[in-house]
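Open the model in your viewer and keep the selection tool at hand. The tour goes stop by stop, with something to select at each.

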Amino acid sequence: MADTDPTATTWKDRLRREDGPLARLGAAWRGRPGLRRLAYALVAGLVVAIGAWTLLARDLPDAERLLSYEPPLPSVVRGIDGEIVHTYARERRVQLQFKDFPTQLVNAYTSAEDETFWTHGGVDLTGTLNAVFDYASKLGSGERAVGGSTITQQVAKNVLLGDEYSVTRKLKEMILARRIEDVLTKREIMELYLNEIPLGRRSFGVQAAARAYFDKDVGELDLHEMAFLAILPKAPERYGRARNQQLALARRNYVIDQMADNGHISAAEAAAAKRQPLGLVAQRPEARSADAGYFLEEVRRQLIDRYGEQAEDGPQSVYGGGLWVRTSLDTAMQDAARDALRAGLLRYHGGRGWHGPVATIDPDKGDLTSQLAATNLGISYRDWRIGVVTQRRGASATIGFADGAEAPLTGLPEAIRVGDVAAVSPSGGGYRVRTVPEISGGLVVQDPNTGRVLAMQGGFDARLGSFNRASQAQRQPGSTIKPFVYAAGLDNGMTPATLIPDRTFCYYQGANLGEKCFRNFGGGGGGVHTMRWGLEQSRNLMTVHIAMDAGMPAVIKTFERVGIGSYEPYPAFALGAGETTVLKMVSAYAALANNGLQHDPTLIDYVQDRRGKVIWRADERECTGCNMAQWDGGPMPRLPERGRQVMDPRTAFQVVHMLEGVVTRGTATVLRDLDMPLFGKTGTTTGPTDVWFVGGSPDIVAGVYMGFDQPRSMGGYAQGGRLAAPIFKQIVEQTRDRWSGRPFLAPPGVRLVRIDRRSGKQVFAGWPDDDPKAAVIWEAFKPDSEPPREKRSDRVDQLREMILAQLRRAERSAAAAGAAGSAGRQGDPMPQDNFVEEQGGLY
């Protein structure tokens with residue numbers, strides 16, 4: 001081992017020498033107080049910086065959330081044909097991929113917002129220092145300083161932090177921006193930014209903004225339009241307004257110049273773009289292909305009940321989940337239903353005049369047109385608009401609209417006042433007052449074979465109020481409930497040919513209520529008649545007799561099985577005294593048309609999430625074997641039958657067969673000239689306060705009622721056959737191609753037998769024909785329930801009894817006249833129990 005040099009020194013020795021670095025630093029530390037203060041300040045600053053960083057970064061959201069980030073998206077509704085009919089959106093949002101954005105659009109945004117985006121690590125030091133100096137200069141002035149944020153920082157703010165204006169938020173934004181750059185690529189950051197940036201007109205993202213400002217997709221934008229969109233992040237509400245057009249032009253042209261300076265476009269392209277006007281389109285509501293407000297609102301309610309309304313309610317919320325909703329809405333049928341109900345309401349309203357404002361606004365609470373805009377009231381009928389009376393002086397007035405426009409108003413009702421909201425239509429150089437009918441109603445069209453609701457109209461216009469009279473209004477159904485009373489009778493041994501008395505029915509209700517007696521609509525009655533005739537002519541007394549013979553508990557059970565409602569077993573409910581909805585009545589009639597097989601009414605077929613996965617469907621049947629990779633040689637898969645059997649198929653067909661007679665020769669003969677197999681029943685409630693018609697074909701069933709929202713008499717002439725049935729008729733005429741015209745088919749176990757329509761007895765001599773009042777008709781019977789054959793002697797006996805009854809009545813009338821002459825009083829009236837009138841004829 002070599003000897004160690006005694007003169008050699010180690011580095012430790014050199015540090016400790018009197019003239020070494022440590023000695024010099026110690027001398028400086030002791031002799032220079034300023035150095036000590038600087039060192040203390042640096043250490044303290046470092047500690048504060050570390051502490052601040054720890055505090056700020058401690059509760060920051062995880063940047064890796066952006067890898068699975070799902071922006072709130074509107075839900076899209078499609079109709080029965082797959083076409084988009086509506087969007088549930090409070091904001092305009094459309095999600096695109098980076099490849100979908102035009103290159104020059106990306107260049108416009110980098111030129112306007114972040115020139116060094118593709119090279120910096122999330123924070124641009126130069127921009128940050130400029131923002132600090134601007135903030136310091138404006139401190140205490142109330143002005144907002146420039147942000148100086150990079151595009152990455154804006155993503156952090158828009159997606160993860162929020163828009164709080166503070167130094168703390170800015171520092172957090174910078175920390176998050178660096179983390180985001182470690183998690184996402186530049187393209188992914190740009191994609192998030194261009195999809196999430198708020199750009200005014202309720203638009204988030206450039207695709208939604210392109211539609212809102214130019215009515216174009218991003219791929220259709222011109223250079224000057226791209227530059228305009230790029231100026232909006234700075235002040236979207238300012239640059240998007242018409243009164244700030246010059247400011248917007250100046251800022252847009254600046255962005256175009258920046259694009260040229262950065263080499264993205266040539267000088268010639270920049271000059272050509274700057275010569276273009278802004279070219280903004282006017283703001284307007286979202287277009288939709290169907291005027292189906294009541295239907296769509298019912299769908300919205302169901303979706304909210306199932307998934308929630310806002311994004312915080314869950315990942316599939318209506319206004320944030322980006323759902324794709326397939327509905328059963330038939331737009332042609334919906335248009336027909338809307339038009340038909342409106343026409344019926346207007347026919348009834350006739351020349352009754354103005355009954356009052358649609359709504360009233362308080363002039364003391366601010367600008368009337370602004371208040372009107374906040375109400376979202378509107379109307380979609382011909383050229384009508386909704387406005388508010390802003391001035392009235394004698395016979396002249398001014399109407400204002402939600403867009404701030406005003407015009408002269410004519411045709412003034414005496415009672416109209418400032419603040420009244422009314423419907424108006426163009427007239428001359430101004431507008432004229434129009435009247436929305438006070439009477440209202442509801443209408444539903446349904447496919448009985450599936451339960452799918454094809455159309456729904458719950459009033460004159462959903463923009464005037466969201467209350468849906470088709471599904472929410474509880475109304476008395478009147479005589480439309482009678483077919484189900486007759487069904488209970490058929491299930492308890494009666495037949496369509498059973499003879500039922502058409503006589504007054506009274507029963508004792510107890511000491512407090514006394515005796516209750518029923519009568520026919522319009523009075524009259526007498527004799528015994530077939531069940532068919534009683535249903536065709538809607539005889540109240542015959543219905544009560546059937547209900548009491550079958551038993552009211554059995555009748556109520558029938559109502560419950562078909563979903564009409566649950567009532568106490570009182571005879572009044574057999575005449576429709578209980579309350580129900582149009583939707584329930586249509587569903588019950590759909591069961592009749594479908595041979596007693598009922599499907600729950602549905603408006604939604606299925607719901608998909610934002611990626612297209614089906615998360616709910618109305619048809620829950622499983623098809624075992626439908627998704628086999630290849631056929632295994634076995635039988636083809638068959639889906640099980642849907643629905644519930646709520647009525648004996650034979651009973652249902654018998655009722656429908658009788659209800660066809662209502663159209664042929666009963667209370668709905670207004671439909672007879674449609675010349676197709678139809679069944680149905682009219683209804684008129686006490687007052688009359690409501691008029692109804694429910695009926696249809698084997699493929700389509702519809703129901704409608706009319707009445708005042710606060711029930712009151714519609715007038716003595718109001719009847720279902722006069723007012724409601726024509727509404728149904730207009731629907732059929734307007735959608736004739738939807739009605740197949742196929743007949744109702746009898747289920748197994750039904751025999752069609754020739755009977756005498758008047759007596760109900762079986763005949764063998766004649767054949768039914770096309771005459772609505774033919775003496776011989778086909779009648780439906782269950783096995784071994786056919787009536788006996790009618791003999792000629794029976795007809796002779798019937799005629800003899802009728803003649804004898806007339807003679808007895810004549811004798812009594814003569815006796816009564818004699819008694820009146822001698823005693824000054826009239827005799828008792830003769831009971832009409834051996835004959836009946838049918839449209840002017842005796843039989």
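## Stop 1: a covered salt bridge

Select Asp291. Asp291 is buried, with 12% relative accessible area. This is a predicted model, so treat what follows as a reading of a prediction.

Now add Arg342. Its side chain makes a salt bridge with Asp291, and the closest N and O atoms are 3.8 Å apart. Arg342 sits in helix H15 (residues 331–349), while Asp291 is in the loop between helix H13 (267–274) and helix H14 (293–307), so the pair ties together parts that are 51 residues apart in sequence. Is Arg342 buried or exposed? Arg342 counts as buried, at 3% relative accessibility.

Widen the selection to Asp335, Arg338, Asp339, Asp461 and Arg463. Together with Asp291 and Arg342, these residues are linked in a network of salt bridges.

## Stop 2: two salt bridges with more exposure to check

Select Arg712 and Glu438. They form a salt bridge, with 3.0 Å between the closest N and O atoms. Arg712 lies in the loop between strand S25 (701–707) and helix H23 (720–734), and Glu438 in the loop between strand S12 (430–434) and strand S13 (440–446), so the pair ties together parts that are 274 residues apart in sequence. Arg712 is partly exposed at 38% relative accessibility. Glu438 is partly exposed too, at 35%.

Move to Glu622 and Arg617. Their side chains meet in a salt bridge, 3.8 Å from N to O. Glu622 is exposed, with a relative accessible area of 60%. Arg617 is partly exposed, at 33%.

How many salt bridges does the count come to? The count is 38.

## Stop 3: strand S9 and its two hairpins

Select residues 396–400, which make up strand S9. Four of the five residues are buried, so the strand is mostly covered.

Add strand S8 (residues 385–393). S8 and S9 are antiparallel and pair over five bridges. To find the register, pick Arg392: its bridge partner in S9 is Ala397. S8 and S9 form a hairpin with two residues between them. Look at Gly394 in that turn, where phi is positive, about 65°.

Now add strand S10 (residues 406–410). Four bridges join S10 to S9, and the two strands run antiparallel. Gly400 stands opposite Glu406. S9 and S10 also form a hairpin, with five residues between them. Gly404 in this turn has a positive phi of about 95°.

## Stop 4: a three-strand open sheet

Which strands form the next sheet, and in what order? The order is S3-S5-S4, in an open sheet of three strands with mixed pairing. Strand S3 (92–93) and strand S4 (198–200) are the edge strands, and each pairs on one side only.

Select S4 with strand S5 (residues 203–204). They pair in the antiparallel sense over two bridges. Pro198 stands opposite Phe204 in S5.

## Stop 5: helix H22

Select residues 649–665, helix H22. Check its length against the ideal rise. At 1.5 Å a residue, the 17 residues should span 24 Å; the end C-alpha atoms are 25 Å apart, which agrees. H22 is mostly covered, with 13 of its 17 residues buried.

Go to the N-terminal end of H22. Asp648 caps it: a side-chain oxygen of Asp648 lies 2.9 Å from the backbone nitrogen of Arg650.

## Stop 6: Ile151 and its surroundings

Select Ile151, in helix H6 (residues 151–161). Ile151 counts as buried, at 0% relative accessibility.

What does Ile151 touch, leaving aside its neighbours within four places in sequence? Its contacts are Tyr109, Thr110, Glu113, Asp114, Phe117, Ile189, Met190 and Tyr193. Pick Asp114 from that group. The C-alpha atoms of Ile151 and Asp114 are separated by 6.2 Å, with their positions 37 residues apart along the chain counted as the separation.

## Last stop: the whole chain

Clear the selection and zoom out. The secondary structure comes to 24 helices and 29 strands. Of the 843 residues in the chain, 47% are buried. Among contacts with a separation of 6 or more, 67% are between residues 24 or more positions apart. The accessible surface comes to about 41600 Å², and 51% of that belongs to carbon and sulfur atoms.

Note on methods. Residues numbered from 1 in each chain as written. Predicted model: local features only at pLDDT ≥ 70, side-chain atom pairs only at ≥ 80, totals over all residues. Heavy atoms only, no water. Salt bridge = Lys/Arg side-chain N within 4 Å of Asp/Glu carboxyl O. Buried < 20%, exposed > 50% of the residue type's maximum accessible area, 1.4 Å probe, protein only. Pairing = 2+ DSSP bridges. Expected span 1.5 Å × (residues − 1). Polar contact = N/O pair within 3.5 Å; in protein donor to acceptor, adjacent residues only side chain to side chain. Contact = heavy atoms within 4.5 Å. Areas by Shrake-Rupley, 256 points an atom, 1.4 Å probe, with all protein chains shown as cover.
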